[in-house]
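Here is a set of short exercises to work through with a structure viewer open. Try each task yourself before you read its solution.

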Amino acid sequence: MGSDLHFEWEKPRHRVYLDNFEVATTAVTRRDYAEFLAATKHEPPKGWAEAALSNPDQPVVGVNWFDALRY
């Protein structure tokens, strides 16, 4: 998980071990998450302002576990 080659907030690259987990069948888009941010005044995730990640139809990235629960 993470990267040593891209964004500073992705460092350091590291191995993560997971027990059981679930994945939704559809991604939450930046458009969807922007509505959540506006309605709740919640702090945007890391990387939110990156131009390469700004397409409203892209899946939202950089959301941590606690923010995902709040969403």
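The exercises below deal with a predicted model, and each one is followed by a worked solution.

**Exercise 1. Getting an overview**

Find how many helices and strands the protein chain has, and what its C-alpha trace spans along the principal axes.

Solution. Begin with the secondary structure: the protein chain has 2 helices and 0 strands. Helix α1 covers residues 30-40, and α2 covers 65-70. Next, take the extent: the C-alpha trace spans about 35 × 30 × 20 Å along its principal axes. Then turn to burial, where 18% of the 71 residues are buried. Finally, look at the contacts with a separation of 6 or more: 48% of them are between residues 24 or more positions apart.

**Exercise 2. Classifying two aromatic pairs**

Decide how the rings of F7 and W9 are arranged, then do likewise for Y33 and F36.

Solution. It helps to recall that a pair of aromatic rings is described by the distance of the centres and the angle of the planes. The structure holds 5 aromatic pairs. In the pair of F7 and W9, the ring centres are 5.4 Å apart and the planes meet at 10°. Planes under 30 degrees apart count as stacked, so F7 and W9 form a stacked pair. Both partners are partly exposed: F7 has a relative accessible area of 24%, and W9 has a relative accessibility of 30%.

Now move to Y33 and F36, whose ring centres lie 5.1 Å apart with 50° between the planes. This pair is tilted.

**Exercise 3. Placing the second pair in its surroundings**

Work out where Y33 and F36 sit along the chain, whether each is buried or exposed, and which other rings join their cluster.

Solution. First, locate the residues: Y33 and F36 both belong to helix α1, where they are 3 residues apart, about one turn of the helix. Second, check accessibility against the cut-off for buried, which is under 20% relative accessible area. Y33 has 2% and therefore counts as buried; F36 has 12%, so F36 is buried too. Third, follow the ring pairs outward: they link Y33 and F36 with W48 and Y71 into a cluster. W48 has a charged neighbour as well, since R30 lies over the face of its ring at 3.8 Å from the ring centre.

**Exercise 4. Tracing the neighbours of H42**

Identify which residues H42 touches, leaving out those up to four places away in sequence, and which side chain it meets in a polar contact.

Solution. Start with the location: H42 is in the loop between α1 and α2. With residues up to four places away set aside, H42 touches Y33, F36, L37, D67 and R70. One of these, D67, also has a side chain joined to that of H42 by a polar contact of 2.8 Å.

**Exercise 5. Exploring the largest pocket**

What volume does the largest pocket have, and which residues lie nearest its centre?

Solution. The largest pocket holds about 910 Å³ of space. Its lining consists of 26 residues, and G62, V63, N64, W65 and A68 lie nearest the centre. Helix α2 supplies the largest share of that lining, with 3 residues.

Take V63 as an example. V63 is in the loop between α1 and α2 and is partly exposed, with a relative accessible area of 27%. Beyond residues up to four places away, V63 touches Y33, P45 and A68. Its C-alpha atom is 9.4 Å from that of G47, a residue 16 positions away along the chain.

**Exercise 6. Checking the backbone**

Determine which form the peptide bond from K11 to P12 takes, and what sign phi has at K41.

Solution. The bond from K11 to P12 is cis, with omega near -5°, and P12 is in the segment before α1. At K41, phi is positive, about 60°, although this residue is not a glycine. K41 is in the loop between α1 and α2 and, at 72% relative accessibility, counts as exposed.

To finish, visit T25, which is also in the segment before α1. T25 is exposed, with a relative accessible area of 81%. From T25 to E35, 10 residues apart in sequence, the C-alpha distance is 20 Å.

Notes
Residues are numbered from 1 along each chain as its sequence is written. This is a predicted model: local features need pLDDT of at least 70, side-chain atom pairs count only at pLDDT 80 or more; totals for chains, interfaces and linings use all residues. Side-chain values use heavy atoms; hydrogens and water are left out. Rings of Phe, Tyr and Trp (its six-membered ring) pair if their centres lie within 6.5 Å; planes under 30 degrees apart count as stacked, over 60 as edge-to-face and the rest as tilted. Buried means under 20% relative accessible area, exposed over 50%, partly exposed in between (1.4 Å probe, protein chains only). Helices (H or I, at least four residues) and strands (E, at least two) are DSSP runs, numbered from the N terminus. A charge sits over a ring if NZ of Lys or CZ of Arg is within 6 Å of the ring centre and within 35 degrees of the ring normal. A polar contact is a pair of N or O atoms within 3.5 Å; within protein, one must be able to donate a hydrogen and the other to accept it, and residues adjacent in sequence count only if both atoms are side-chain atoms. Contact means heavy atoms within 4.5 Å. On a 1 Å grid over the protein atoms alone, a cavity is a set of points where a 1.4 Å probe fits but cannot get out, and a pocket is an open set with protein on both sides within 12 Å along at least five of seven lines; lining residues have an atom within 4 Å of a point. Grid points are joined across faces, edges and corners, and a volume is the space filled by probe spheres set on the points.
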